[in-house]
Each structure stands twice: as structure tokens, then as C-alpha cells.
Amino acid sequence: MEGDMPMESGMDTGDNPMVGGAPMFADRNIIENAVNSADHTTLVAAVQAAGLVETLEGAGPFTVFAPTNAAFDALPDGTVETLLMEENRDMLVGILTSHVVAGNISAAELASMARASSDGFHHFNAVSGAALSAQVRPSGDVYIFDENGNAYLVSVADVNQSNGVIHVVDGVLLPR
């Protein structure tokens, strides 16, 4: 069929989009897929430096808002390098776990909950405890807000994993 992605070694892509030039396989976990995305090398390096690989390979389910390399590049000069230093590991863990939510939440579910709320936002917490919000703009795009009020577009939604779902975001969600 037109538009079908080729299957690689029997792996199931499901209806997943390509991310960072690589197929995302629905029967692989979050880490197994993320390491193949050319757009997420900074995120993968940060997850490794924070010691979160084993957690994100776990059963979950997790919803991960995955910032792109460009999102990390938009941070002030030296921020990523500073965060990757061993002495800043706790701060790095806090930032990364502000991108992870317990459960498997699709973009449609986020949008539905936001539309149903009295203020137009779905308010929820990341595993770090950071307060996040989702909003649907008139364009139909879903945006995720961090605790500082920064809004970032979900540029690729519903990348299904064996242990949850990834939504690619165009910014780094920072806790207060």
C-alpha cells in the first residue's frame, strides 16, 4: 500500500511517524527508539548522564514530551554543557523528569481533556512533581506549558512505544 513504511527485521512500526529520520517501532521501548532519532541526540545524552536509561526502558507506561536538539540548542549558551556535568546531575534529573508523565496519554486525550476544562487547559503533573498544562490552539495544535508559562508545540504526536508514548516538543520544559 502507498505510504506503508518498510518493515525492519520483523519490527512493528504500527501507525508511528518517522522521527529524526528513523522509523519508530511500536514494539520497542522509549530508549530503544530514541537512540535512533537524529533529532534527539542531546536528549539521549542527557538521559544517559542523568542515569535514567533503565527507568525509561522499564514497564511504564510513560508519556514523554521529548525536546528536539533544536530545543536544547535554544537554551542559553553553556546550559546543556553545565547540566551534563556530574555535579549538576540532580538538576538534570529534575528537568528531564519534568518531561515524563505516568500513564499512556495520547494527544487526542490531552486535547479532549483541555477542551473539556473550564479554563481551556488540562492541568497535570510530571513525575518530578512539576505542573504542566496542555492547551489546544484554534489551529488544532496541542501546546504543552511548563511551570514558567512557556508554551511548546507538540510537533510530532503519538509516537507509540512498547512502554508508553512519545510526543515530540519544540522546547525544553523547565521546572521553577
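These exercises walk through one predicted model, each with a worked solution.

Residues are numbered from 1 along each chain as its sequence is written. The model is predicted, so local features need pLDDT of at least 70, side-chain atom pairs count only at pLDDT 80 or more, and totals for chains, interfaces and linings use all residues, while side-chain values use heavy atoms, with hydrogens and water left out.

**Exercise 1. The chain as a whole**

Task: state how many helices and strands the chain has, and what share of its residues is buried.

Solution.
- Start with the elements. The chain has seven helices and nine strands. Helices (H or I, at least four residues) and strands (E, at least two) are DSSP runs, numbered from the N terminus.
- Now burial. Of the 176 residues, 45% are buried. Buried means under 20% relative accessible area, exposed over 50%, partly exposed in between (1.4 Å probe, protein chains only).
- Last, contacts, meaning heavy atoms within 4.5 Å. Take those between residues at least 6 apart in sequence: 56% join residues at least 24 apart.

**Exercise 2. The sheet**

Task: give the strand order of the open sheet and name its edge strands.

Solution.
- Seven strands line up as β4-β3-β9-β8-β7-β6-β5, with mixed pairing. Two strands pair if DSSP finds at least two bridges between them.
- The edges are β4 (100-102) and β5, each pairing on one side only.
- From one strand to the next, the twist averages 30°. Axes here are lines fitted to C-alpha atoms, for helices over the stretch in contact, and angles run from 0 to 180 degrees between N-to-C directions.
- Check a parallel pair. β3 and β9 (residues 164-169) share six bridges in the parallel sense. Within this pairing, A66 stands opposite V168 in β9.
- Then the antiparallel pairs. β7 and β8 are joined by three bridges, and I144 has Y152 as its bridge partner in β8. β8 and β9 pair over five bridges, where V159 stands opposite I166.

**Exercise 3. Two hairpins**

Task: find how many residues separate the strands in the hairpins β7 to β8 and β8 to β9.

Solution.
- Between β7 and β8 there are five residues. G149, in that turn, has a positive phi of about 85°.
- Between β8 and β9 the hairpin runs through two residues.

**Exercise 4. Helix α7 on the sheet**

Task: locate α7 and explain why its buried residues lie on the same side.

Solution.
- Helix α7 (residues 107-116) packs on the sheet. The helix touches β3, β5, β6 (131-136), β7, β8 (151-161) and β9. Its direction makes about 85° with that of β6.
- The buried residues of α7 are A107, L110, A111 and A114. They cover an arc of only 95° around the axis, so they sit on the same side of α7. The arc is that of the directions from the helix axis to the C-beta atoms.
- A general rule fits here: an α-helix has 3.6 residues a turn, so residues three or four places apart point the same way.
- Turn to the other face. The exposed residues A108 and A116 are carried there, away from the buried side.

**Exercise 5. Aromatic pairs**

Task: list the aromatic pairs and say which geometry each has.

Solution.
- There are two pairs. Rings of Phe, Tyr and Trp (its six-membered ring) pair if their centres lie within 6.5 Å; planes under 30 degrees apart count as stacked, over 60 as edge-to-face and the rest as tilted.
- F65 and F124 are tilted, at 6.2 Å centre to centre and 40° between the planes. F65 lies in β3 (residues 62-67) and F124 in β5 (residues 121-125), so the pair ties together parts 59 residues apart in sequence. Both residues, F65 and F124, are buried.
- F121 and F145 are edge-to-face, at 5.2 Å and 80°. This pair links β5 to β7 (residues 142-145), 24 residues apart.
- Compare burial. F121 is partly exposed at 22% relative accessible area, whereas F145 is buried at 14%.

**Exercise 6. S133**

Task: decide whether S133 is buried or exposed, and name what it touches.

Solution.
- S133 lies in β6. Its relative accessibility is 11%, so S133 counts as buried.
- Leave out residues up to four places away in sequence. S133 then touches F121, H122, H123, F124, Y143, I144 and F145.
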